[in-house]
Amino acid sequence: MHPSLLQDSVRGCPKEIPHNEKLLSLKYESLDYDNSENQLFLEEERRMSFLGFKCLEISRWVICGLIGFLTGLIACCIDIAVENLAGVKYYVVKQNIEKFTEVGGLSISLILWAVLNSAFVMVGAVIVAFFEPGAAGSGIPQIKCYLNGVKIPRVVRLKTLVVKVCGVICSVAGGLAVGKEGPMIHSGAVVAAGVSQGRSTSLKKDFKIFEYFRRDTEKRDFVSAGAAAGVSAAFGAPVGGVLFSLEEGASFWNQMLTWRIFFASMISTFTLNFFLSIYNNKPGDLSSPGLINFGRFESDVSVCLLLSSPKPCVISLSTVCLVLNPVFSVYRVYVHRPCLQVMEAMLVAPLGPDQSEDYPLQKLCLTLWGGGTNKMSPVGHIFVCLLFLWELLLFCADGEYNSMATAFFNTPERSVRSLFHNPPGSYNPLTLSLFTLTYFFLACWTYGLTVSAGVFIPSLLIGAAWGRLFGILLAVWAVPGKYALMGAAAQLGGIVRMTLSLTVIMVEATGNVTYGLPIMLVLLTAKIVGDYFVEGLYDIHIKLQSVPFLHLEAPATSHWLTAREVMGAPVTCFNRIEKVGTIVDVLSNTSTNHNGFPVVMPVAICGLILRSQLIVLLKHKVFVELARSRLTQRKLQLKDFRDAYPRFPPIQSIHVSQDERECMMDLTEFMNPTPYTVPQETSLPRVFKLFRALGLRHLVVVDSENRVVGLVTRKDLARYHLGKHGLEEMQLAQT
């Protein structure tokens, strides 16, 4: 990084830079997805037998099975907890309605309903805001960044998992316009990161298993499997889960990884269905399609004719959503205190549609208008006036049912299913329009609150409502429910910009491959139109958090830039045999905080060593003088580095005496002797392609004599992007 940029960013930027897409934050570090092929690595590989390699491969399959099992179990717990909490909530409301109907105190029931919703949401917001802010939102942008090579603080911690699960239970039970699907993907990724390491650093418990996989390269592949298992548990779509992991996150892929991820997804779906069947007293029924059940669609060849009508308006609505949601996110810069964040979530809670397994609140609203009592209090009359609009939407005569009340006071999953499958004539166009707009603005406001929440189901519900509305107005060749299916796919695809994976997820969730082609065409149209106006929701939130995310390609007009112009210089280098005091001073320098150091001899590059490796060497006192004086000293092995992974101790915690500062340290055995290098005249797109494809953390720039002249890191590449005025450069900010 350029020292001048660092100094300017430190002087000119505030302590926090939330929600600023014109800056890149320096607090994010890169992960090491490139193996260091030093002497220790080569010696371990030579010692490993053919049987040892086979055991490692079997271990990978076992870990993927454990990931799928635990992810499915968590999904089952979330589903059961939401159902029971909602049942308790509505039992209390129902008892209150029956108790106060005859005395005219129905307004108390309405207040009780709002208070219970706010209480659930308050609990979910408090644990997120005060205990683990990293559990807010769906977690999908963070997992995308992790798989891209960005080290997001605390994203795969056990504490994050616990708060995420408890938070999403409270959010859904509290009636917010959110879903469980995004948090399930994050939960699966956290499970994968923990299980694959064979220990818990949070609990300080080491099970002494899977030690070989304690490095970023292996951990990345398992996190991909965990994300896929989360999708599979949410939608009952194992193949869709694999494609989601491939399309949305994975920066590395091979054939064996595909099968392992598919295995994890299958185990996740089977585990969820098995335990839910036992809970529902149907031990033999394993056909439940995950947390979401869209119901089965009958085949209809004429469905391809649906493509012309629901797409344009639904895609426009998704674009509006992507404009409105960042506006809410930007204003939240003023809601930075945890107490204010909790209050905002509690404010939204009473406004949200209800998401319980039953809807006795419908009875409350209707009884306020037709309860047959003349003892309503003045407060009750005020509430009646305030609920006049609700009466227009939800009122129905005795012996009838109101489809709009069913849409509002039901789980989003059941509302989507009713929009898909209810017969023609079930919905009035006017009330359906009002429902869509109401839910649309609530969803835009809700996503970004300090609660654990997903955007999948709210998007599907909004799109299904729009699609059903167009089906009602333009139904010629098919029933409105099939328009709702296309609208749901278009809305979600327009927001998250998924194509192939979402097609397969929708096909698996609906159980009919007939709709694969039209859904794919709808999603492609949604992506093309959406990309013309604005980026997808996840990419927008990644930018708002100032994360140095590397896209697939470098900016199109950046070929004139060279490595010399983007690299950081000057570079701190070490000699192959370096003085301990020099190493300690460099690592302790807080103004630079470098993580990779070229090793030179005498001036030409001969290797690269990481800060984490140097800290382990200092901790174990691997000094030349001590090695000579103590012949019996144990030789350092890769296991020592893996035991310190991933939370390497800070340099301040390592004591080095004055005498030890005069010792020398030989880096030959521990450095990577073959780091990737590029000439300083290499164009930016070539540097970008090499850096991203190989998952590098550092790329050394050398001159014609192989001398180090600079170092390219993730932030040096991510700060260039194509803007309205051509190629633009973002500033780096210290946070």
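Phe533 counts as exposed, at 57% relative accessibility. In this predicted model, the residue beside it in the pair I shall describe, Tyr532, is exposed as well, with a relative accessible area of 69%. Both values lie over 50%, so both residues fall in the exposed class.

Let me stay with aromatic rings for a moment. A pair of aromatic rings is described by the distance of the centres and the angle of the planes. The count for this model comes to 16 aromatic pairs. In one of them, Tyr212 and Phe213 meet edge-to-face, with 5.7 Å from centre to centre and 85 degrees between the planes. Tyr212 and Phe213 are both buried. The rings of Tyr532 and Phe533 have centres 5.2 Å apart and planes at 85 degrees, so this pair too is edge-to-face. Why does that angle give an edge-to-face pair? Planes over 60 degrees apart are placed in that class, and 85 degrees therefore qualifies. Beyond these pairs, one aromatic cluster is made up of Phe69, Phe270, Phe274 and Phe275.

I turn now to helix packing. Two packed helices are described by the angle between their axes and the distance between the axes. Helix H20, residues 480-496, packs with helix H22, residues 516-533, at an angle of about 35 degrees, and the axes are 8 Å apart. The crossing of H20 past H22 is right-handed. Which residues make this contact? From H20 come Leu485, Met486, Ala489, Ala490, Gly493 and Gly494, and they meet Pro518, Ile519, Val522, Leu523 and Ala526 of H22. By class, the contact comprises nine nonpolar residues, two polar ones and no charged ones.

Next, two individual positions in helices. Ala465 is located in helix H19, which spans residues 456-474. Is Ala465 buried or exposed? Its relative accessible area is 0%, so Ala465 is buried. Leaving aside neighbours within four places in sequence, Ala465 has contacts with Leu419, Leu432, Phe435 and Thr436. The C-alpha atom of Ala465 is separated by 6.4 Å from that of Ala484, a residue 19 residues apart from it along the chain.

The second position is Gln341, in helix H12, residues 338-348. Gln341 counts as buried, at 18% relative accessibility. The cut-off matters here: buried means under 20%, so a value of 18% is sufficient. Not counting residues up to four places away in sequence, Gln341 touches Ala129, Val335, His336 and Thr450.

Finally, the strands. An open sheet of three strands follows the order E6-E8-E9, and its pairing is mixed. At its edges are strand E6, 574-575, and strand E9, 605-610, each of which pairs on one side only. E6 and strand E8, residues 596-600, run parallel and are joined by two bridges. Within that pairing, Asn575 stands opposite Val600 of E8. Helix H26, residues 611-619, packs on this sheet and touches E6, E8 and E9, while its direction makes about 75 degrees with that of E9.

A further strand pair is found later in the chain. Strand E14, residues 720-723, pairs with strand E15, residues 726-729, in the antiparallel sense over four bridges. How many residues lie between E14 and E15? There are two residues between them, and the two strands form a hairpin. Opposite Tyr720 stands Glu729 in E15.

Note on methods:
Residues numbered from 1 in each chain as written. Predicted model: local features only at pLDDT ≥ 70, side-chain atom pairs only at ≥ 80, totals over all residues. Heavy atoms only, no water. Axes fitted to C-alpha atoms, helices over the stretch in contact; angles between N-to-C directions. Left-handed = near helix turned anticlockwise from the far one by under 90°. Contact = heavy atoms within 4.5 Å. Nonpolar A, V, L, I, M, F, W, Y, C, P; charged D, E, K, R; others polar. Buried < 20%, exposed > 50% of the residue type's maximum accessible area, 1.4 Å probe, protein only. Pairing = 2+ DSSP bridges. Phe/Tyr/Trp six-rings, centres within 6.5 Å; stacked < 30°, edge-to-face > 60°.
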